[in-house]
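Me: I've got a model open here and would like to talk it through. Can you take my questions one by one?

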Amino acid sequence: SSAKRSVLTDPRHLGEEECHTPVAGCSCVTQQQRYRVIDTFEDVELREYARCTLAEIQVEGSAEDAGNRAFRPLVSYIGGQNVDGGKFSMTAPVIQEPAETGQDMPSAMLQEPAGADQWTVAFVLPGDGGIDDYPQPTDSRVRLREVAPRRAAALRWSGRWTAANVAKRTQELLAQVQAAGWQTHGQPRWARFAPPWKPAFARRNEIVITVADSARSNDTENPR
């Protein structure tokens with residue numbers, strides 16, 4: 001429908017653009033999900049995210065392999081495997097977290113666990129539309145989920161995305177959030193902004209966790 005097409009191309013909640021190797025059926029330009037930094041504490045940013053809709057899938061395997069297993073079905077959805085046959089842009093980051101905590105995900109590829117060696121991996125869809133503004137997947141493994149606006153604390157880092165690095169950065173994030181006095185909600189999420197063929201030193205990674213709206217804010221207008 002025209003309403004769906006207008007949401008899929010709406011730039012209001014998209015930030016920087018970075019050209020990656022193109023994937024069949026979709027644009028080579030990866031747009032970044034927009035957020036606003038409202039406070040900082042040491043290396044952590046307190047952010048305010050707008051409403052978003054996720055395309056997500058549950059996969060089994062190691063944390064390192066989950067993103068690779070999930071990528072093809074998710075990119076096929078945005079490349080036209082949906083009821084409208086529409087194609088739209090990929091958005092960064094890709095988020096991963098344990099599947100059992102999927103309902104707490106705020107954020108383009110997201111990853112989280114669903115039990116032993118089970119993960120939810122998600123793309124954040126472009127624009128700020130609700131679930132009814134995007135075409136339904138034709139692959140039954142892929143589902144759409146709308147996530148309300150919320151605040152989250154994020155720690156940004158570069159380097160290889162390994163279980164050891166993720167564990168180290170997660171502990172750093174949780175320690176700094178606790179020191180800041182922010183109350184967390186749900187499990188940390190792992191966000192990757194760069195493809196695996198990009199040099200490790202240039203890869204942007206983040207650990208993100210939802211925090212209560214009561215967390216203090218300096219409201220430093222800084223949209224991304």
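**The kinked helix and a covered strand**

Me: Where in helix 2 does the kink lie?
Reply: This is a predicted model, where local features need pLDDT of at least 70, side-chain atom pairs count only at pLDDT 80 or more, and totals for chains, interfaces and linings use all residues. Residues are numbered from 1 along each chain as its sequence is written, and side-chain values use heavy atoms, with hydrogens and water left out. Helix 2 (helices are DSSP runs of H or I, at least four residues; strands are E runs, at least two; both numbered from the N terminus) bends by about 40 degrees, the angle between axes fitted to the seven residues ending at a residue and the seven starting there, shortly before the proline P73. The kink lies at F71.

Me: Which residue takes a positive phi just after helix 2?
Reply: Helix 2 covers residues 63-78. Just after it, a phi of about 130 degrees turns up, and the residue is G80.

Me: How many of the residues in strand 13 are buried?
Reply: Buried means under 20% relative accessible area with a 1.4 Å probe, counting protein chains only. In strand 13, R204, E206, V208 and T210 point one way and N205, I207, I209 and V211 the other, all of them buried. That makes eight of eight.

Me: Which residue in strand 13 is the bridge partner of T184?
Reply: Strands pair if DSSP finds at least two bridges between them. Strand 12 (residues 184-192) runs antiparallel to strand 13 over six bridges. The partner of T184 is V211.

Terms used:
Expected span 1.5 Å × (residues − 1). Buried < 20%, exposed > 50% of the residue type's maximum accessible area, 1.4 Å probe, protein only.
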